[in-house]
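Student: I've got a structure to work through and I'd like to practise reading it. Can we go over it together?

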Amino acid sequence: MSGKNYSHQLDAKNRMRIPAKLREQLGEGYAITVGTGGCLYVYTAEQLKEVKAKLSNINAYREKQLKAARFILYNTWEAEEDKQGRILLPENLRKFAKIEKNVKVFQGPNCIEIWSEEVWNEYFNDVNFEELADALEALNS
């Protein structure tokens, strides 16, 4: 996990490239879905299988769980690269992540993340180090 991020732009047809160093980690058959904090998650085929397995174990009579599972599954898109290695970001995912042009691609802690540059900057604008320390401390307890 390097924490490296890359800046890109969508082209006129709403396509982008996953950086080569990150693309190698994905293998064949990766998917993009909604994430937390306003980003998109890019899952390998194996990670997507795990996510779907977890979602299949929800209680169908718990409306919040069902709604979350439906939202994630509805917004999961299996990426298809063109001959130049570009992927289309569908409208529903662009809208969710508020992506218009400038994009940050980041190796997150669990998967690759795609962010609108504006949302990325806003997300990291008000970092409270005391809250970060508490969150990290909770991981060790």
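Student: Is Lys98 buried or exposed?
Tutor: Start with the cut-offs: buried means under 20% relative accessible area, exposed over 50%, and partly exposed is in between (1.4 Å probe, protein chains only). Lys98 sits in the loop between H4 and S7, and has a positive phi of about 55° although it isn't a glycine. Its relative accessibility is 59%, so Lys98 counts as exposed.

Student: And what about Asn14: which class does its relative accessibility put it in?
Tutor: Before that, some ground rules: this is a predicted model, where local features need pLDDT of at least 70, side-chain atom pairs count only at pLDDT 80 or more, and totals for chains, interfaces and linings use all residues. Residues are numbered from 1 along each chain as its sequence is written, and side-chain values use heavy atoms, with hydrogens and water left out. Asn14, in the loop between S1 and strand S2 (15-17), has a positive phi of about 60° although it is not a glycine. At 22% relative accessibility, Asn14 counts as partly exposed.

Student: How are those H and S elements defined, and what is the order of the strands in the open sheet?
Tutor: Helices (H or I, at least four residues) and strands (E, at least two) are DSSP runs, numbered from the N terminus. Two strands pair if DSSP finds at least two bridges between them. Here six strands make an open sheet with antiparallel pairing, and their order is S1-S7-S8-S4-S3-S5.

Student: Which strands are the edge strands?
Tutor: An edge strand here pairs on one side only. S1 pairs with S7 over five bridges, while S5 pairs with S3 over two. So, because each pairs on one side only, the edge strands are strand S1 (5-9) and strand S5 (77-78).

Student: What is the bridge partner of Lys104 in S8?
Tutor: Strand S7 (residues 102-107) and strand S8 (residues 112-116) run antiparallel and are joined by five bridges. They form a hairpin with four residues between them. Lys104 is also the bridge partner of Ser7, but in S8 the partner of Lys104 is Trp115.

Student: How many residues lie between S3 and S4 in their hairpin?
Tutor: S3 and S4 pair in the antiparallel sense over four bridges, and one bridge has Ile32 facing Val42 in S4. In the turn, Gly37 has a positive phi of about 75°. As for the residues between the two strands, there are five.

Student: Does H2 span what it should, and how far apart are its end C-alpha atoms?
Tutor: The expected span of a helix is 1.5 Å times one less than its number of residues. Helix H2 (residues 45-56) has 12 residues, so 16 Å is expected. That agrees with the model, where the end C-alpha atoms are apart by 16 Å.

Student: Where do the buried residues of H2 point, and within what arc do they fall?
Tutor: The buried ones are Leu48, Val51 and Leu55, while Lys49, Lys54 and Ser56 on the other side are exposed. In general, an α-helix has 3.6 residues a turn, so residues three or four places apart point the same way. The arc is that of the directions from the helix axis to the C-beta atoms. Seen down the axis, the buried residues of H2 line one face, because they fall within an arc of 60°.

Student: Which elements are included in what covers those buried residues of H2?
Tutor: Think of contact, which means heavy atoms within 4.5 Å. The cover includes two strands and a helix. Those are strand S3 (31-34), strand S4 (40-43) and helix H3 (63-74).

Student: Which residues touch the most other members of the largest nonpolar core?
Tutor: A nonpolar core is a set of buried Ala, Val, Leu, Ile, Met, Phe, Trp, Tyr and Cys residues joined through side-chain atoms within 4.5 Å. The largest one has 21 residues, and helix H1 (20-26), S3, S4, helix H4 (91-97), S7 and S8 each supply at least two. Apart from it lies another core, of 13 residues, including Tyr43 and Leu48. Back in the largest core, the residues you asked for are Met16, Ile18, Ile32, Leu40, Leu89, Ile99 and Ile114.

Student: What is the separation of the C-alpha atoms of Gly29 and Glu78?
Tutor: Gly29 lies in the loop between H1 and S3, and at 47% relative accessibility it counts as partly exposed. Leaving aside neighbours within four places in sequence, Gly29 is in contact with Thr44 and Ala45. Gly29 and Glu78 are 49 residues apart along the chain, yet their C-alpha atoms are separated by 6.9 Å.
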